[in-house]
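Trainee: Could we go through this model together, one question at a time, with the reasoning spelled out before each answer?

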Amino acid sequence: MKKISQGKRNHLKNIVDENGRIGALAIDQRGALKKLIGQYRETNDRDIVGFKEIVSKELTPYASAILLDPEYGLPAAKDRAHNTGLLLAYEKTGYDSSLPGRLPDSLNTWSVKRLKEVGADACKFLLYYDVDENEEINEQKKAYIERIGSECLAEELPFFLEIISYDAIHSDTTTKEYAKIKPRKVIEAMQEFSKERYHVDVLKVEVPVNMNFVEGFGKEAVYSREEAKTFFLAQSAATERPFIFLSAGVSTELFQQTLRFAHEAGSDFNGVLCGRATWAEGVSPFVKEGNEAAVDWFQTIGKEKLHSLNNVLEQTASSIFNKIQ
(Lines give C-alpha, C1' and ligand atoms only; values in the text may rest on other atoms or scores of the structure.)
Protein backbone atom coordinates (compact mmCIF):
# COMPACT_ATOMS: atom_id res chain seq x y z
CA MET A 1 0.00 0.00 0.00
CA LYS A 2 1.38 3.40 -1.04
CA LYS A 3 1.86 6.10 1.59
CA ILE A 4 1.18 9.66 0.49
CA SER A 5 1.22 13.08 2.14
CA GLN A 6 -1.94 14.68 3.47
CA GLY A 7 -1.65 17.33 0.78
CA LYS A 8 -1.74 14.73 -1.99
CA ARG A 9 -4.58 12.92 -0.28
CA ASN A 10 -6.66 16.10 -0.12
CA HIS A 11 -6.18 16.67 -3.84
CA LEU A 12 -7.08 13.07 -4.65
CA LYS A 13 -10.33 13.45 -2.71
CA ASN A 14 -11.27 16.19 -5.17
CA ILE A 15 -10.73 13.83 -8.12
CA VAL A 16 -12.73 10.79 -7.01
CA ASP A 17 -16.46 10.18 -6.59
CA GLU A 18 -18.16 9.50 -3.26
CA ASN A 19 -16.96 5.87 -3.41
CA GLY A 20 -13.32 6.68 -4.13
CA ARG A 21 -13.51 5.75 -7.82
CA ILE A 22 -12.16 7.92 -10.60
CA GLY A 23 -14.74 8.61 -13.28
CA ALA A 24 -12.85 11.33 -15.09
CA LEU A 25 -13.34 12.97 -18.45
CA ALA A 26 -10.26 13.51 -20.62
CA ILE A 27 -10.13 16.37 -23.09
CA ASP A 28 -6.48 17.33 -22.97
CA GLN A 29 -6.20 16.35 -26.63
CA ARG A 30 -4.64 19.01 -28.81
CA GLY A 31 -3.26 17.52 -32.03
CA ALA A 32 -5.92 14.78 -32.06
CA LEU A 33 -8.74 17.30 -31.57
CA LYS A 34 -7.37 19.51 -34.35
CA LYS A 35 -7.44 16.51 -36.68
CA LEU A 36 -11.03 15.67 -35.73
CA ILE A 37 -12.19 19.22 -36.41
CA GLY A 38 -9.96 19.36 -39.48
CA GLN A 39 -12.01 16.62 -41.10
CA TYR A 40 -14.69 19.27 -41.68
CA ARG A 41 -12.86 22.59 -42.00
CA GLU A 42 -9.60 24.35 -41.35
CA THR A 43 -9.35 24.68 -37.60
CA ASN A 44 -8.12 27.49 -35.38
CA ASP A 45 -7.36 28.02 -31.71
CA ARG A 46 -10.83 29.42 -31.02
CA ASP A 47 -12.36 26.15 -32.22
CA ILE A 48 -10.21 24.15 -29.82
CA VAL A 49 -10.85 26.41 -26.84
CA GLY A 50 -14.58 26.68 -27.57
CA PHE A 51 -15.14 22.97 -27.94
CA LYS A 52 -13.35 22.24 -24.68
CA GLU A 53 -15.48 24.87 -22.93
CA ILE A 54 -18.69 23.21 -24.11
CA VAL A 55 -17.52 19.74 -23.09
CA SER A 56 -16.47 20.97 -19.66
CA LYS A 57 -19.63 22.96 -18.96
CA GLU A 58 -22.04 20.26 -20.15
CA LEU A 59 -20.37 17.03 -18.96
CA THR A 60 -18.45 17.78 -15.76
CA PRO A 61 -21.63 17.65 -13.62
CA TYR A 62 -21.50 13.89 -14.32
CA ALA A 63 -17.72 13.33 -13.95
CA SER A 64 -15.56 13.12 -10.85
CA ALA A 65 -12.82 15.14 -12.57
CA ILE A 66 -11.75 16.57 -15.91
CA LEU A 67 -8.34 16.36 -17.56
CA LEU A 68 -7.41 19.44 -19.58
CA ASP A 69 -4.28 21.02 -21.00
CA PRO A 70 -2.97 24.43 -19.92
CA GLU A 71 -2.45 25.51 -23.55
CA TYR A 72 -6.12 25.56 -24.61
CA GLY A 73 -8.04 24.21 -21.63
CA LEU A 74 -7.83 26.81 -18.85
CA PRO A 75 -11.04 28.61 -19.91
CA ALA A 76 -12.77 25.21 -19.86
CA ALA A 77 -11.37 24.57 -16.38
CA LYS A 78 -13.25 27.66 -15.17
CA ASP A 79 -16.46 26.32 -16.73
CA ARG A 80 -16.38 22.98 -14.92
CA ALA A 81 -18.89 22.02 -12.23
CA HIS A 82 -17.84 23.29 -8.79
CA ASN A 83 -17.39 19.80 -7.31
CA THR A 84 -15.37 18.40 -10.22
CA GLY A 85 -11.63 17.91 -9.77
CA LEU A 86 -9.03 19.20 -12.23
CA LEU A 87 -6.09 17.35 -13.74
CA LEU A 88 -3.73 19.26 -16.02
CA ALA A 89 -1.45 17.75 -18.65
CA TYR A 90 2.24 18.60 -18.41
CA GLU A 91 3.47 17.11 -21.68
CA LYS A 92 3.69 18.64 -25.13
CA THR A 93 1.27 17.08 -27.56
CA GLY A 94 2.70 14.33 -29.79
CA TYR A 95 6.42 13.68 -30.13
CA ASP A 96 9.30 14.56 -32.45
CA SER A 97 9.14 11.86 -35.13
CA SER A 98 12.47 13.00 -36.61
CA LEU A 99 14.24 11.51 -33.58
CA PRO A 100 14.19 7.87 -32.45
CA GLY A 101 12.49 6.85 -29.23
CA ARG A 102 9.41 9.09 -28.96
CA LEU A 103 11.21 11.06 -26.27
CA PRO A 104 9.11 12.92 -23.68
CA ASP A 105 9.00 16.70 -23.46
CA SER A 106 7.16 18.97 -21.04
CA LEU A 107 5.47 22.26 -21.88
CA ASN A 108 8.07 25.03 -22.09
CA THR A 109 6.48 27.62 -19.82
CA TRP A 110 4.95 25.29 -17.26
CA SER A 111 6.10 23.50 -14.13
CA VAL A 112 4.26 21.43 -11.53
CA LYS A 113 4.29 24.50 -9.30
CA ARG A 114 2.57 26.52 -12.02
CA LEU A 115 -0.01 23.79 -12.67
CA LYS A 116 -0.83 23.86 -8.96
CA GLU A 117 -1.05 27.65 -8.94
CA VAL A 118 -3.79 27.62 -11.60
CA GLY A 119 -5.83 25.12 -9.61
CA ALA A 120 -4.72 21.65 -10.67
CA ASP A 121 -5.54 18.78 -8.32
CA ALA A 122 -3.07 16.55 -10.17
CA CYS A 123 -0.34 16.60 -12.77
CA LYS A 124 -0.75 14.19 -15.68
CA PHE A 125 2.15 13.24 -17.94
CA LEU A 126 1.97 11.02 -21.01
CA LEU A 127 4.91 8.71 -21.71
CA TYR A 128 5.38 6.57 -24.80
CA TYR A 129 7.27 3.52 -23.62
CA ASP A 130 8.59 0.41 -25.32
CA VAL A 131 10.10 -1.99 -22.81
CA ASP A 132 12.23 -3.41 -25.64
CA GLU A 133 13.66 -0.06 -26.76
CA ASN A 134 17.42 0.33 -26.46
CA GLU A 135 18.67 1.10 -22.96
CA GLU A 136 20.03 4.56 -23.79
CA ILE A 137 16.57 5.80 -24.77
CA ASN A 138 14.72 4.15 -21.91
CA GLU A 139 17.18 5.48 -19.34
CA GLN A 140 16.43 9.00 -20.59
CA LYS A 141 12.72 8.34 -20.11
CA LYS A 142 13.20 6.92 -16.64
CA ALA A 143 15.24 9.95 -15.55
CA TYR A 144 12.62 12.28 -17.00
CA ILE A 145 9.82 10.63 -15.01
CA GLU A 146 11.96 10.73 -11.87
CA ARG A 147 12.25 14.50 -12.27
CA ILE A 148 8.50 14.98 -12.65
CA GLY A 149 7.84 12.68 -9.71
CA SER A 150 10.19 14.76 -7.56
CA GLU A 151 8.43 17.97 -8.64
CA CYS A 152 5.07 16.51 -7.68
CA LEU A 153 6.43 15.29 -4.37
CA ALA A 154 7.76 18.74 -3.52
CA GLU A 155 4.46 20.43 -4.43
CA GLU A 156 2.32 17.71 -2.80
CA LEU A 157 0.44 17.33 -6.06
CA PRO A 158 -0.65 13.83 -7.17
CA PHE A 159 1.24 12.45 -10.15
CA PHE A 160 -0.79 10.60 -12.79
CA LEU A 161 1.45 8.83 -15.30
CA GLU A 162 -0.16 7.81 -18.58
CA ILE A 163 1.79 5.04 -20.31
CA ILE A 164 1.26 4.29 -24.00
CA SER A 165 3.02 1.17 -25.22
CA TYR A 166 4.46 0.76 -28.70
CA ASP A 167 7.07 -1.17 -30.64
CA ALA A 168 10.11 0.70 -31.92
CA ILE A 169 10.47 -1.59 -34.93
CA HIS A 170 6.84 -2.12 -35.96
CA SER A 171 5.00 1.17 -35.50
CA ASP A 172 1.45 -0.03 -36.21
CA THR A 173 -0.08 -1.02 -32.86
CA THR A 174 -3.40 -2.07 -34.43
CA THR A 175 -2.07 -5.22 -36.09
CA LYS A 176 -2.46 -8.86 -35.16
CA GLU A 177 1.32 -9.07 -34.75
CA TYR A 178 1.38 -6.28 -32.18
CA ALA A 179 -1.61 -7.76 -30.36
CA LYS A 180 0.53 -10.82 -29.62
CA ILE A 181 3.24 -8.81 -27.85
CA LYS A 182 1.11 -6.05 -26.33
CA PRO A 183 0.33 -7.78 -22.99
CA ARG A 184 3.97 -8.12 -22.02
CA LYS A 185 4.82 -4.56 -23.05
CA VAL A 186 1.92 -3.05 -21.10
CA ILE A 187 2.49 -5.14 -17.99
CA GLU A 188 6.27 -4.69 -17.81
CA ALA A 189 5.94 -0.92 -18.26
CA MET A 190 3.50 -0.81 -15.36
CA GLN A 191 5.91 -2.80 -13.22
CA GLU A 192 8.74 -0.39 -13.98
CA PHE A 193 6.90 2.82 -13.19
CA SER A 194 5.32 1.43 -10.06
CA LYS A 195 8.75 1.64 -8.43
CA GLU A 196 8.91 4.11 -5.55
CA ARG A 197 11.70 6.13 -7.17
CA TYR A 198 9.20 7.64 -9.66
CA HIS A 199 6.67 8.79 -7.03
CA VAL A 200 3.76 7.97 -9.34
CA ASP A 201 0.46 8.03 -7.46
CA VAL A 202 -1.94 6.77 -10.14
CA LEU A 203 -1.17 4.93 -13.36
CA LYS A 204 -3.32 5.69 -16.40
CA VAL A 205 -2.92 2.69 -18.66
CA GLU A 206 -4.16 0.78 -21.66
CA VAL A 207 -5.97 -2.49 -21.21
CA PRO A 208 -3.40 -5.26 -21.70
CA VAL A 209 -4.92 -6.73 -24.86
CA ASN A 210 -6.35 -5.47 -28.13
CA MET A 211 -10.02 -6.27 -27.57
CA ASN A 212 -10.59 -6.50 -31.32
CA PHE A 213 -8.56 -9.71 -31.23
CA VAL A 214 -10.28 -11.29 -28.22
CA GLU A 215 -12.51 -14.27 -28.91
CA GLY A 216 -16.08 -13.04 -29.23
CA PHE A 217 -15.16 -9.36 -29.66
CA GLY A 218 -13.58 -9.22 -33.11
CA LYS A 219 -13.54 -11.09 -36.40
CA GLU A 220 -10.19 -12.75 -35.71
CA ALA A 221 -8.99 -14.08 -32.36
CA VAL A 222 -5.42 -13.79 -31.15
CA TYR A 223 -6.44 -14.55 -27.57
CA SER A 224 -9.13 -16.84 -26.24
CA ARG A 225 -11.43 -15.26 -23.66
CA GLU A 226 -9.62 -17.13 -20.89
CA GLU A 227 -6.19 -16.04 -22.14
CA ALA A 228 -7.35 -12.44 -22.27
CA LYS A 229 -8.69 -12.68 -18.71
CA THR A 230 -5.32 -14.05 -17.60
CA PHE A 231 -3.62 -10.94 -19.00
CA PHE A 232 -6.05 -8.63 -17.20
CA LEU A 233 -5.37 -10.44 -13.95
CA ALA A 234 -1.60 -10.29 -14.50
CA GLN A 235 -1.83 -6.56 -15.19
CA SER A 236 -3.70 -6.00 -11.95
CA ALA A 237 -1.10 -8.01 -10.04
CA ALA A 238 1.76 -6.05 -11.63
CA THR A 239 1.27 -2.98 -9.43
CA GLU A 240 0.19 -1.95 -5.96
CA ARG A 241 -0.54 1.55 -7.27
CA PRO A 242 -4.07 2.64 -8.11
CA PHE A 243 -4.57 2.35 -11.86
CA ILE A 244 -7.22 3.55 -14.24
CA PHE A 245 -7.99 2.71 -17.85
CA LEU A 246 -7.87 5.06 -20.81
CA SER A 247 -10.38 4.59 -23.61
CA ALA A 248 -7.82 4.80 -26.45
CA GLY A 249 -10.39 6.17 -28.85
CA VAL A 250 -12.54 3.02 -29.04
CA SER A 251 -16.32 3.22 -29.19
CA THR A 252 -18.34 3.81 -26.04
CA GLU A 253 -19.89 0.37 -26.37
CA LEU A 254 -16.59 -1.47 -26.70
CA PHE A 255 -15.04 0.47 -23.84
CA GLN A 256 -17.87 -0.42 -21.50
CA GLN A 257 -17.77 -4.06 -22.58
CA THR A 258 -14.04 -4.02 -21.89
CA LEU A 259 -14.54 -2.70 -18.35
CA ARG A 260 -17.05 -5.46 -17.62
CA PHE A 261 -14.66 -8.02 -19.07
CA ALA A 262 -11.80 -6.69 -16.92
CA HIS A 263 -13.97 -6.98 -13.83
CA GLU A 264 -14.96 -10.54 -14.71
CA ALA A 265 -11.27 -11.35 -15.04
CA GLY A 266 -10.58 -10.11 -11.52
CA SER A 267 -8.86 -6.83 -12.41
CA ASP A 268 -8.76 -4.46 -9.42
CA PHE A 269 -8.82 -1.25 -11.46
CA ASN A 270 -9.90 2.03 -9.90
CA GLY A 271 -11.70 3.92 -12.61
CA VAL A 272 -11.23 5.57 -15.97
CA LEU A 273 -10.01 8.67 -17.70
CA CYS A 274 -12.27 8.53 -20.72
CA GLY A 275 -11.76 10.81 -23.69
CA ARG A 276 -12.89 10.39 -27.27
CA ALA A 277 -15.25 7.53 -26.45
CA THR A 278 -17.35 10.13 -24.63
CA TRP A 279 -17.14 13.31 -26.72
CA ALA A 280 -15.75 12.58 -30.22
CA GLU A 281 -19.17 12.29 -31.85
CA GLY A 282 -19.97 15.78 -30.61
CA VAL A 283 -17.36 17.29 -32.93
CA SER A 284 -19.59 16.92 -35.99
CA PRO A 285 -22.57 18.98 -34.74
CA PHE A 286 -20.13 21.53 -33.27
CA VAL A 287 -18.45 22.10 -36.64
CA LYS A 288 -21.41 21.64 -38.98
CA GLU A 289 -24.19 23.32 -37.01
CA GLY A 290 -22.55 25.46 -34.35
CA ASN A 291 -22.44 25.80 -30.58
CA GLU A 292 -26.15 25.42 -29.97
CA ALA A 293 -26.28 22.08 -31.77
CA ALA A 294 -23.19 20.89 -29.91
CA VAL A 295 -24.70 21.86 -26.56
CA ASP A 296 -27.86 19.96 -27.47
CA TRP A 297 -25.80 16.87 -28.37
CA PHE A 298 -23.91 16.97 -25.08
CA GLN A 299 -27.05 17.57 -23.01
CA THR A 300 -28.63 14.46 -24.51
CA ILE A 301 -26.33 11.88 -26.10
CA GLY A 302 -23.15 12.99 -24.32
CA LYS A 303 -24.88 13.03 -20.95
CA GLU A 304 -26.29 9.55 -21.56
CA LYS A 305 -22.83 8.23 -22.49
CA LEU A 306 -21.43 9.43 -19.15
CA HIS A 307 -24.40 8.14 -17.15
CA SER A 308 -23.97 4.77 -18.82
CA LEU A 309 -20.24 4.74 -18.10
CA ASN A 310 -20.81 5.70 -14.46
CA ASN A 311 -23.24 2.81 -14.08
CA VAL A 312 -20.60 0.42 -15.37
CA LEU A 313 -17.97 1.86 -13.02
CA GLU A 314 -20.26 1.37 -10.02
CA GLN A 315 -20.35 -2.33 -10.84
CA THR A 316 -16.71 -2.84 -11.80
CA ALA A 317 -14.19 -0.38 -10.29
CA SER A 318 -12.89 -0.11 -6.72
CA SER A 319 -11.73 2.79 -4.53
CA ILE A 320 -8.22 4.18 -4.95
CA PHE A 321 -8.04 4.47 -1.18
CA ASN A 322 -7.89 0.68 -0.90
CA LYS A 323 -4.34 1.10 -2.19
CA ILE A 324 -3.28 4.36 -0.55
CA GLN A 325 -2.48 5.22 3.04
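Trainee: How many strands run in the closed barrel?

Mentor: In this predicted model, local features need pLDDT of at least 70 and side-chain atom pairs count only at pLDDT 80 or more, while totals for chains, interfaces and linings use all residues. Residues are numbered from 1 along each chain as its sequence is written, and side-chain values use heavy atoms, with hydrogens and water left out. Strands (DSSP runs of E, at least two residues) and helices (H or I, at least four) are numbered from the N terminus, and two strands pair if DSSP finds at least two bridges between them. With parallel pairing, the closed barrel follows the order S1-S2-S3-S4-S5-S6-S7-S8, and the number of strands is eight.

Trainee: By what angle are neighbouring strands of this sheet turned against each other on average?

Mentor: Angles run from 0 to 180 degrees between N-to-C directions, and axes are lines fitted to C-alpha atoms, for helices over the stretch in contact. For neighbouring strands of this sheet, with direction ignored, the average turn is 25 degrees.

Trainee: Which residue in S8 stands opposite Leu246?

Mentor: Strand S7 (residues 243-246) and strand S8 (residues 271-274) run parallel and are joined by two bridges. In this pairing, the residue of S8 that stands opposite Leu246 is Leu273.

Trainee: At about what angle to S8 does H12 run?

Mentor: Helix H12 covers residues 291-316, and H12 lies across both strand S1 (22-26) and S8. Relative to S8, H12 runs at about 155 degrees.

Trainee: How are H2 and H3 placed relative to each other, and why?

Mentor: The axes of H2 and helix H3 (residues 45-59) come within 10 Å and cross at roughly 100 degrees. In their contact (heavy atoms within 4.5 Å), Leu33, Lys34 and Ile37 of H2 meet Asp47, Ile48, Phe51 and Lys52 of H3. Angles under 35 degrees count as roughly parallel, over 145 as roughly antiparallel, 65 to 115 as roughly perpendicular and the rest as oblique. H2 and H3 are therefore, with respect to each other, roughly perpendicular.

Trainee: At roughly what angle do the axes of H8 and H9 cross?

Mentor: Arg225, Ala228, Lys229, Phe232 and Leu233 in H8 are in contact with Thr258, Phe261, Ala262, Glu264 and Ala265 in H9. H8 and H9 are therefore roughly perpendicular to each other, given that the axes of helix H8 (residues 225-237) and H9 come within 8 Å and cross at roughly 80 degrees.

Trainee: Which element gives the most to the lining of the largest pocket?

Mentor: On a 1 Å grid over the protein atoms alone, a pocket is an open set of points with protein on both sides within 12 Å along at least five of seven lines, a cavity is a set where a 1.4 Å probe fits but cannot get out, and lining residues have an atom within 4 Å of a point. The largest pocket is lined by 45 residues, and Ile164, Leu246, Ala248, Gly249 and Arg276 lie nearest its centre. Helix H2 (31-38), strand S4 (122-129), strand S5 (159-165), helix H7 (176-193) and helix H9 (252-265) each supply at least two lining residues. With four residues, the element that gives the most is S4.

Trainee: What volume does the second largest pocket have?

Mentor: A volume is the space filled by probe spheres set on the grid points, which are joined across faces, edges and corners. The second largest pocket is lined by 18 residues, with Asp17, Glu18, Tyr62, Ser64 and Asn310 nearest its centre, and H12 gives the most to this lining, with four residues. The largest pocket holds about 1400 Å³ of space, whereas the second largest pocket has a volume of about 330 Å³.

Trainee: Which element supplies the largest share of the lining of the largest cavity?

Mentor: The structure holds one cavity of 30 Å³ or more, and the volume of the largest cavity is about 40 Å³. Its lining consists of Thr252, Phe255, Gln256, Cys274, Ala277, Thr278, Lys305 and Leu309. H9, helix H10 (276-279) and H12 are the elements that give two or more of these residues. The largest share, three residues, comes from H9.
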